Amino acid sequence: MIIAVSTEWNDNSGRFAYYRIEHGQLKERQEACPPDDKPESLAKQLCGLQVDLLIASSVPESLEQALSDEGVFLVKTAPGRADSVLAAYLAGELEF
């Protein structure tokens with residue numbers, strides 16, 4: 001499973017961290033920036049990275065629809081540092 005988290009930064013760059021999870025354990029962490037400011041582009045990028053789940057604090061409706069169209073599940077939650085948000089999600093402690 002690959003999980004992307006876009007809540008770490010407050011600079012509106014759209015950067016996100018993505019994590020490869022196997023058997024509930026973190027195997028790899030990388031960072032990426034969206035190619036442009038179009039929701040469809042980010043959704044396609046996440047799909048291309050084989051992201052199954054995006055965890056984010058704020059997502060415009062147009063991005064929600066684009067993610068849905070690409071088969072990427074979305075969880076909205078309070079903002080926080082990406083690694084902490086991921087850890088809470090994996091531990092079943094993330095409130096959304």
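**Exercise 1. Determine which residues leucine 46 touches beyond its neighbours within four places in sequence, and place leucine 46 in its core.**

Solution. Leaving aside neighbours within four places in sequence, leucine 46 is in contact with Ala4, Phe16, Val51, Leu54, Leu67 and Val72. Contact here means heavy atoms within 4.5 Å. The model is predicted, so local features need pLDDT of at least 70 and side-chain atom pairs count only at pLDDT 80 or more, while totals for chains, interfaces and linings use all residues. Residues are numbered from 1 along each chain as its sequence is written, and side-chain values use heavy atoms, with hydrogens and water left out.

Next, the core. A nonpolar core is a set of buried Ala, Val, Leu, Ile, Met, Phe, Trp, Tyr and Cys residues joined through side-chain atoms within 4.5 Å. Buried means under 20% relative accessible area, exposed over 50%, and partly exposed in between (1.4 Å probe, protein chains only). The largest nonpolar core has 17 residues, and Leu46 is among those with the most contacts inside it, together with Ala4, Phe16, Leu54 and Leu67. E1, E2, H1, E4 and H2 each supply at least two residues of this core. Helices (H or I, at least four residues) and strands (E, at least two) are DSSP runs, numbered from the N terminus. A second, separate core of 13 residues includes Ile55, Val75, Leu86 and Leu94.

**Exercise 2. Describe the packing of helix H1.**

Solution. First, list the buried positions: in H1 (residues 39-48) these are Pro39, Ser41, Leu42, Ala43 and Leu46. Second, find their partners: the buried residues pack against strand E1 (2-5), strand E2 (16-22), strand E4 (53-56) and helix H2 (61-70). Third, orient the helix: H1 lies across E1, E2, E3 and E4 and runs at about 25° to E2. Axes are lines fitted to C-alpha atoms, for helices over the stretch in contact, and angles run from 0 to 180 degrees between N-to-C directions.

Serine 41 is the polar case to check: its relative accessible area is 18%, and beyond its neighbours within four places in sequence it is in contact with Pro35 and Asp36. Just after H1, glutamine 50 takes a positive phi of about 65°.

**Exercise 3. Work out the strand order of the sheet and its edges.**

Solution. The order of the 5 strands is E3-E2-E1-E4-E5, in an open sheet with mixed pairing. Strands E3 (25-32) and E5 (73-76) stand at the edges with a single partner strand each, so one side of each has no neighbour in the sheet. From one strand to the next the twist averages 20°. Two strands pair if DSSP finds at least two bridges between them. E1 and E4 run parallel and are joined by 3 bridges; alanine 4 has leucine 54 as its bridge partner in E4.

**Exercise 4. Which side chains join helix H1 to helix H2 through a salt bridge, and how far apart in sequence are they?**

Solution. A salt bridge is a side-chain nitrogen of Lys or Arg within 4 Å of a carboxyl oxygen of Asp or Glu. By this rule the count is 6. Glutamate 70 and lysine 44 meet at 3.0 Å, N to O. Glutamate 70 lies in H2 and lysine 44 in H1, so the pair ties together parts 26 residues apart in sequence. Lysine 44 is exposed at 52%, whereas glutamate 70 is partly exposed at 25%.
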